[in-house]
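Hi,

Here is the model I said I would pass on to you. Could you have it open while you read my notes below?

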Amino acid sequence: MPLIAFGMGGHMTSWNIFMAEQFSGEEDNLDEGTFWRFFCSVLAVIIVTFVAVLGLPYVKPWSLRFGIPAICTLVATLLFLSGSCSYKYFKPMGSPLTVFFRVFVAAFLKLFYRTPKDSKQLFEIDNPQLYSVPHTRSLRCLDKAAIVIPTKPLEEQAKNTWRLCTVTEVEETKTIIRMIPVWLTFILCGVVSAIGFTYFVEQLDHLNPKVGRLKVPTVALLWFYEQAQNQCVELYVKFTNALGISKSRKLAPSFGISVSMILAILCCITAAKVENRRLGVVQRHGLVDKPDERVPMTMFWLLPQFVLLGGFNGIFNYSAISFFIDQSPVSTHRCLPFFVSGVSGVGILCSVVSVYVVGKISERGGKMNWFRHDLNGSRLDKYYWTLAWLMAVNLVVFIVVAVFYRYKEAELAEQQAEEFGGINEPYDDDSKGFCCCCC
């Protein structure tokens, strides 16, 4: 799983940027042949994905189910490397994390210097054409990074960016630090989101897919999941637009995150009750020791939890992006496409850890582990209940953090927000994100 996570992370963070670089500067020079090659490649991706989604669920051995994508990935990698000589290459632009670490290093190196009371004595590049952030009095220990040593020439100090930072760089670092408590509450949201494509799908694979004599593909519930996700985002956008320019509109992202956490709680509760019912059917039909047989219970019992999970993911992703747009430093805005993916990735990794920890705790006192080698012998219902009360605690923590969060006013223009569209958010909103923020 760590290898899969690293592979998906590398692909998701690199593919869009790579394609944009290859087509940069050629928007007006694309010939008809290039257009049709690009069109056919996109069409092939859609067709192959459609065939894989419909066909792989009918492949029974898991070794073959994973083997087919592995072979396709190997072929795709070889094809990609075969064209490496013809690709365009650009110099790296640098990472905003570099600034974050530079501020800490510079502040540590000046640990014994006294911070001036007048913020105007701190180092800042006086250029109206450059973006700048005014000084704040929070986290003043980091202001040491912008202290100018009077015994050395300023030009010499400015050349070493690891010993002298600007006030803007210090303030952007402060902003990132203030956002960390809010981000930590997002991790459990990623854990709940991960169960939709792990245990929910595993449950779906063991239930009866027939409606009368018609066999419904199991991906039908995933379609309902996608529809719920899109429709909930659309309703949320309409709600924020209805607020107009009132002060209440500033609360939209924090309100949306809270609503999404409530939907996550309801999803876990619903999943627990449905799983409890499924285990009852398993026991009544003597299927506890027959993990390969389908349970005589229609798969549409799982529909409510898939719909709730879709609503949770849709509203949470949109609200989190709105919060990030408004509260993050300008230098980190190009990292926005990877923010929600990063939260989901951390959530998936933490879900693996949570399964291990919860399983070990459930064994105490000589009791049975909730997670067995087969689904019929496991107690996923108890795990879902555990996630439900953990998410309830997480909701309370988020509300407390949101109340004490020291936020900055929305500064992005509407056209700036639009450039972030397309990442798990199919709808554009002319609202400006907000979340109340700490320190």
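**Salt bridges**

E275 has a relative accessible area of 0% and is buried (buried means under 20% relative accessible area, exposed means over 50%, and partly exposed is in between, with a 1.4 Å probe and protein chains only). Please keep in mind that this is a predicted model, in which local features need pLDDT of at least 70 and side-chain atom pairs count only at pLDDT 80 or more, while totals for chains, interfaces and linings use all residues. Residues are numbered from 1 along each chain as its sequence is written, and side-chain values use heavy atoms, with hydrogens and water left out.

The partner of E275 is R278: the two form a salt bridge whose closest N and O atoms are 2.9 Å apart (a side-chain nitrogen of Lys or Arg within 4 Å of a carboxyl oxygen of Asp or Glu). Both residues belong to helix α9 (residues 252–284) and sit 3 residues apart, about one turn of the helix. Helices here are DSSP runs of H or I with at least four residues, strands are runs of E with at least two, and both are numbered from the N terminus. Like its partner, R278 is buried, at a relative accessible area of 1%. Elsewhere, R140, D143, E171 and K174 are joined into one network by salt bridges that share partners.

Here are two of the links between those four residues. D143 and R140 meet through their side chains at 3.5 Å, N to O. D143 counts as buried at 1% relative accessibility, whereas R140 counts as partly exposed at 25%. E171 bridges to K174, with the closest N and O atoms 3.0 Å apart. This pair lies in helix α6 (residues 167–195), again 3 residues apart, or about one turn of the helix, and both E171 and K174 are buried. The structure holds 7 salt bridges.

**Space inside**

How many cavities of 30 Å³ or more does the structure hold? There are 3. A cavity is a set of points, on a 1 Å grid over the protein atoms alone, where a 1.4 Å probe fits but cannot get out, and lining residues have an atom within 4 Å of a point. Grid points are joined across faces, edges and corners, and the volume is the space filled by probe spheres set on them.

The second largest cavity contains about 40 Å³ of space. P96, V99, F100, E169, E172, T173, I176, S331 and T332 line this cavity. Helices α4 (96–109) and α6 each supply at least two of the lining residues, and the largest share, 4 residues, comes from α6.

T332 is worth a look too. This lining residue lies in the loop between α10 (303–327) and α11 (339–362) and counts as buried at 8% relative accessibility. The C-alpha atoms of T332 and S95 are separated by 8.5 Å, with their positions 237 residues apart along the chain.

**A short strand pair**

Strand β1 (residues 207–208) pairs with β4 in the parallel sense over 2 bridges (DSSP must find at least two for strands to pair). Within this pair, N208 stands opposite T298 in β4. In a regular strand, side chains alternate between the two faces of the sheet. Strand β4 (residues 295–298) shows that alternation: V295 and M297 point to one face and are buried, while P296 and T298 point to the other and are not.

**Surface and loops**

Which residues form a nonpolar patch on the surface? They are W36, F39, L43, I47, F50, V51, V53 and L54, with about 740 Å² of accessible area together. Patch residues have over 30% relative accessible area and no salt bridge; like charges are joined within 9 Å and nonpolar side chains (Val, Leu, Ile, Met, Phe, Trp, Tyr) within 5 Å. The areas come from the Shrake-Rupley method with a 1.4 Å probe, and for residues only the protein chains shown count as cover. Of the patch members, I47 is placed in helix α2 (residues 32–55) and is partly exposed, at a relative accessible area of 47%.

L139 lies in the loop between α4 and α5 (154–159). Its phi is near 50°, a positive value in a residue other than glycine. Most residues other than glycine have a negative phi. L139 counts as partly exposed at 30% relative accessibility.

Finally, E226 is in helix α8 (residues 219–242) and counts as partly exposed at 37% relative accessibility. Its C-alpha atom is separated by 8.8 Å from that of G311, 85 residues apart along the chain.

Best wishes

Definitions and conventions:
On a 1 Å grid over the protein atoms alone, a cavity is a set of points where a 1.4 Å probe fits but cannot get out, and a pocket is an open set with protein on both sides within 12 Å along at least five of seven lines; lining residues have an atom within 4 Å of a point.
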